Amino acid sequence: MSRSQASQEDLLSNMAAVWEALGRQPKQSDLVAPLSQYSHDVYVRRFGSWRAALENFVNSANASDQEAHPPPVAPSVQNLLRTQPATPRDPSWRLRFLVHRRDRFACVACGRSPATHPGVVLHVDHIVAWSKGGLTVFENLQTLCETCNIGKSDLPMHTHTG
C-alpha cells in the first residue's frame with residue numbers, strides 16, 4: 001500500500017506515535033522520517049487540512065478512550081501524597097501523553113485545546129502540588145493550558161457547587 005493510500009486508522013495511529021514521541025502536539029514540520037511514516041501532505045489530502053486532521057485525531061482518541069477507560073473515580077488526596085521514595089517531579093513522555101488523552105487533549109479548567117484554539121499550549125499539572133508532597137502518578141496529574149497552569153501555580157483547584 002502506498003503512503004497516499006494509508007487508511008485513516010494508520011494515519012491516526014501514526015499521529016499518536018509522533019505525539020507520544022514528541023510529548024506534545026505535532027506540528028506539520030514534525031511529520032518527517034524517521035519520526036513519522038507519513039508527511040503532513042498525506043494528512044491534508046485525507047482530512048482536507050492539518051487542523052481537520054488534528055481534530056479527527058483528538059475525536060478518535062477521545063472516543064476510543066471512553067470505550068476502553070471509563071472516567072476514573074477521584075482518588076482521595078491522601079493517596080496522592082508522596083511517601084518514600086519520592087517520585088520524580090516531571091512525568092515521563094508516555095505518562096504525559098496518557099494524561100492528555102484521558103483529559104481529551106483539552107484543559108480541564110477552561111476546556112481549550114490546541115485542536116480548537118490554535119496556539120494553546122497544554123501542560124501536565126499535579127493536582128496535589130509536587131512541592132506539597134503530591135506524587136507524579138496518573139491519578140494526580142491533569143491537563144491544564146499554559147494560562148490556567150501558570151495562574152494556578154501550586155494552589156489546589158477548587159470547584160464551586162450550588
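Arg24 comes out at 33% relative accessibility, so this residue counts as partly exposed. The arginine sits in the loop between α1 and α2, and it makes a handy way into this structure, which is a predicted model. Arg24 and His123 are 99 residues apart in sequence, yet their C-alpha atoms are 9.1 Å apart in space. Below is a quick tour, from the overall layout down to single residues.

**Overall layout and confidence**

- The protein chain has 5 helices and 2 strands, and reading from the N terminus the order is α-α-α-α-β-β-α.
- Of its 162 residues, 37% count as buried.
- Take the contacts between residues at least 6 apart in sequence: 63% of them join residues at least 24 apart.
- Mean pLDDT for the protein chain is 81, with 80% of residues at 70 or more.
- Confidence bottoms out in α3, where the mean is 74, and peaks in β2, at 95.

**Helix α1 and the loop after it**

- The 15 residues of α1 should span 21 Å at 1.5 Å a residue, and the C-alpha atoms at its ends are indeed 21 Å apart, so the two agree.
- Buried residues in α1 are Leu11, Leu12, Asn14, Met15, Ala16, Val18 and Trp19.
- As background, an α-helix has 3.6 residues a turn, so residues three or four places apart point the same way.
- Right after α1 comes Gly23, with a positive phi near 75°.
- Leaving aside residues up to four places away in sequence, Arg24 touches Trp19 and Asp30.
- Further along, Ala33 and Pro34 are joined by a cis peptide bond, with omega at about 5°; Pro34 belongs to the loop between α1 and α2.

**The nonpolar cores**

- The largest nonpolar core has 21 residues, and those with the most contacts inside it are Leu11, Met15, Tyr43, Trp50, Phe57 and Phe105.
- Three elements each give two or more residues to this core: α1 (8–22), α2 (40–47) and α3 (50–68).
- A second, separate core has 5 residues, among them Cys107, Leu122, Leu144 and Cys145.
- In soluble globular proteins, nonpolar side chains tend to be buried together.

**Arg104 and Phe105, two neighbors with positive phi**

- For context, most residues other than glycine have a negative phi, and most peptide bonds are trans.
- Arg104 has a phi near 65°, a positive value in a non-glycine residue. Arg104 lies in the loop between α4 (93–102) and β1 (122–126).
- Phe105 also isn't a glycine, but has a positive phi of about 55°; this residue is likewise placed in the loop between α4 and β1.
- Buried or exposed: which is Phe105? Its relative accessibility is 0%, so Phe105 counts as buried.
- Arg104, on the other hand, has a relative accessible area of 39%, and is therefore partly exposed.
- Not counting residues up to four places away in sequence, Phe105 touches Trp19, Phe57, Val58, Ala61, Asn62, Phe97, His100, Ser113, Pro114 and Leu122.

**Cysteines**

- How many disulfides does the structure hold? The count is 0.
- Why is Cys107 not bonded to Cys110? The closest cysteine sulfur to that of Cys107 is in Cys110, 3.7 Å away, and this is too far for a bond, since a disulfide needs the two sulfur atoms within 2.5 Å.
- Seen from the other side, Cys110 is in no disulfide either, and its nearest cysteine sulfur is that of Cys107.
- The two cysteines have their own exposure classes: Cys107 is at 4% relative accessibility and so counts as buried, while Cys110 is at 40% and so counts as partly exposed.

**The strand pair**

- β1 and β2 (residues 141–145) pair in the antiparallel sense, over 5 bridges.
- Leu122 has Cys145 of β2 as its bridge partner, and both residues are in the second core.
- 4 of the 5 residues of β1 are buried, so this strand is largely enclosed by the rest of the structure.
- In a regular strand, the side chains alternate between the two faces of the sheet.

Notes: Residues are numbered from 1 along each chain as its sequence is written. Side-chain values use heavy atoms; hydrogens and water are left out. A nonpolar core is a set of buried Ala, Val, Leu, Ile, Met, Phe, Trp, Tyr and Cys residues joined through side-chain atoms within 4.5 Å. Buried means under 20% relative accessible area, exposed over 50%, partly exposed in between (1.4 Å probe, protein chains only). Contact means heavy atoms within 4.5 Å. The expected span of a helix is 1.5 Å times one less than its number of residues. Two strands pair if DSSP finds at least two bridges between them. pLDDT is the predictor's confidence in each residue, from 0 to 100.
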